[in-house]
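Welcome! Here are some short exercises to work through with the model open beside you. Try each task before you read its solution.

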Amino acid sequence: MKINNQIFYDRLKELGVIDKDKLDLALVDADKSNKKLIDVLYDRDLATDEQLGGVMADLYEVPFVNLSKKEINSEIMGMTSEVFSKEQEVVVFNKSNKELFVAVANPENSLAIDFVAKKTGLPVKVFLATSRDIKTVLNNLGSGLGDSFEGKVNKLIGIAMGGNDSSTPIISLLSLIMEYGFKNRASDVHFEAMDKEAIIRFRIDSVLHDAVRLPLEIHSQLLTRIKVVARLRTDEHMMAQDGKFQFEVEKDKVDVRVSITPTVNGEKVVMRLLSSNRQFSLINLGLGEEELKKVEIAYKKPFGMILATGPTGSGKTTTLYSVLKLLNTREVNIMTIEDPVEYEVEGVNQIQVNIQTNLTFADGLRSIVRQDPNVILVGEIRDEETAQIASQAAMTGHLVLSTLHTNDAATTIPRLLEMGIEPFIIASGVNCVMAQRLVRQICQKCRISKEYSVEDVDNLGVDKSMQKLLLNDKKSFRAYTSKGCPICHDTGFVGRVGIFEVMLVDGEVREAVVAKKDAGDIFNIAVKAGMKPMMQDGVEKVLAGMTTLEEVLRVIKI
């Protein structure tokens, strides 16, 4: 049976998976744009992949599979070519003596299913998986690029050093490095010159990994090529330079932010990879159901401030962009002031801080409030002037989103007081504070169960309150760790997830802010009012098998 938008809509409405008003609007927009309803719902983050995929699988009367939670043998998946799998959205994920287990995004794609059966000579059992799930698994497991990366690099180095014209292999070498980094989920690519050679390193899931070593001559040529594409001065070697460029991998546009700085051994390059097609989803960030409700309460208000707090690299900007995406409709004027603009978003007016032209956060924000905005995103509140203007904007009919460097949600209040914001303005103007960290997720292929005793948690330095959450008056508890495998580059981790605490500023919390109570008192009042502490959220993710106890301790640093 062919499943159209109306049939899918009727089933979702019947099951009550999505708010009816939002579902109605999504159906209208899907029909207008000639899109599949499921794709519109994905884009708007109105339900998880599992919820939508499960309903669709039920309509097709086939089982649903979440490939990201399966241990998939690369040899089995390699029974179909990577190109075929990506074009047809088909993945062979398991095999028995009698049949192949094949995940498809569209069970109506009988030609692709028949092709797999004929190619392998085995009957096929069809499962439904979401398009995003299939793409993620193929990117993580399918390319096999890592197996031959060093060999390909060395081959291009040999051509560059042996030929008269070395420009072509250098161009190919840079493209190979960028493609490898992107496919392996690297957030940053480092080119570091040393005494006798240079090294390329990739930051994957917050940890740097050595990838390959280069002769200094090749490092120098790569550096020149990077400067050319980033439109930087090729004759400048003693001054820091910043630039950017864009490249494309399998229809995915990747923005690259380039930073070059001189070191004792030569110039060092760090390139930040930012996918233009990146999906921002509050649902998939790691927020629990209650925390999502609190954030929704905050961003549905027409004015006020939403703050994301945490150290550098804790995902604050991603969280704010996820909220921004939900607010981004043609009926509202959204403006941002950022340093730098990390992700370009269609329909959003984004301003880049430029110190050389005296365009600071404060000056840019002053200009923005005269541009009739509904929603304002301030990349970071760094000084008193920016804090004052942002607070005034939040009090005068604007929804303001910004980040702040504090350790937890409660500490944000004293930090704003230090910046000269009056207590009554904080109490009235701040809707909610989201404190967060990023922890690495356990690799599903090589994870193993482990028993922790009281002695084990004592040796790890776990404090008494966290021990109580973990042990729950028992002598031991079971959680997961991992041993490492080729899929996770022997790290034991694939991807990251957030741990959060979300504090709504209302009721007793608001009274505590007006009374200028200290961070400890505000924290206790917020917990009493229903705030889940970040430590508790981390423990719950450990017990759910999403991450390890050691990883949570590393990030929270109790």
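## Exercise 1: Confidence

Over residues 142–147 the pLDDT (the predictor's confidence in each residue, from 0 to 100) stays under 50, and the model has 12 contacts (heavy atoms within 4.5 Å) for them beyond four places in sequence. Set this stretch against the protein's average pLDDT.

Solution. Begin with the whole: the average pLDDT is 88, and 96% of the residues score at least 70. Then return to residues 142–147, where pLDDT is under 50. Where pLDDT is low, the predicted coordinates should not be read in detail.

Two notes on reading the model: it is predicted, so local features need pLDDT of at least 70 and side-chain atom pairs count only at pLDDT 80 or more, while totals for chains, interfaces and linings use all residues. Residues are numbered from 1 along each chain as its sequence is written, and side-chain values use heavy atoms, with hydrogens and water left out.

## Exercise 2: Salt bridges

Find the partners of Lys22, Arg213 and Lys541 in salt bridges, and say where each pair sits.

Solution. Start with the rule: a salt bridge is a side-chain nitrogen of Lys or Arg within 4 Å of a carboxyl oxygen of Asp or Glu. The count by this rule is 27 salt bridges.

Step 1. Lys22 meets Glu296, with 3.1 Å from N to O. Lys22 belongs to helix α2 (residues 20–33) and Glu296 to helix α12 (residues 289–299), so the bridge ties together parts 274 residues apart in sequence. Helices (H or I, at least four residues) and strands (E, at least two) are DSSP runs, numbered from the N terminus. To describe exposure, call a residue buried under 20% relative accessible area, exposed over 50%, and partly exposed in between (1.4 Å probe, protein chains only). Lys22 is partly exposed at 29%, and Glu296 is partly exposed at 23%.

Step 2. Arg213 pairs with Glu197, their closest N and O atoms being 3.0 Å apart. This pair links strand β6 (residues 207–215), which holds Arg213, with strand β5 (residues 197–204), which holds Glu197; the two residues are 16 residues apart. Arg213 is partly exposed at 41%, as is Glu197 at 30%.

Step 3. Lys541 meets Asp537 at 3.0 Å, N to O. Both lie in helix α22 (residues 534–543), four residues apart, about one turn of the helix. Both are buried. They also belong to a network of salt bridges with Glu291, Lys532 and Glu540.

## Exercise 3: The sides of a helix

Which residues of helix α7 (residues 110–120) are buried, and which exposed residues does the face turned away from them carry?

Solution. Ala112, Ile113 and Val116 are buried. They cover an arc of only 100° (taken from the directions from the helix axis to the C-beta atoms), which puts them on the same side of α7. The face turned away from this buried side carries the exposed residues Leu111 and Lys118. Just after α7, Gly121 has a positive phi of about 75°.

## Exercise 4: An open sheet

What is the order of the strands in the open sheet of seven strands?

Solution. The order is β12-β11-β13-β14-β10-β15-β18, with mixed pairing. Its edge strands, β12 (349–352) and β18 (493–504), each pair on one side only; two strands pair if DSSP finds at least two bridges between them. Inside the order, β10 (residues 304–309) and β15 (residues 430–442) pair in the parallel sense over five bridges. Ile306 stands opposite Cys432 in β15.
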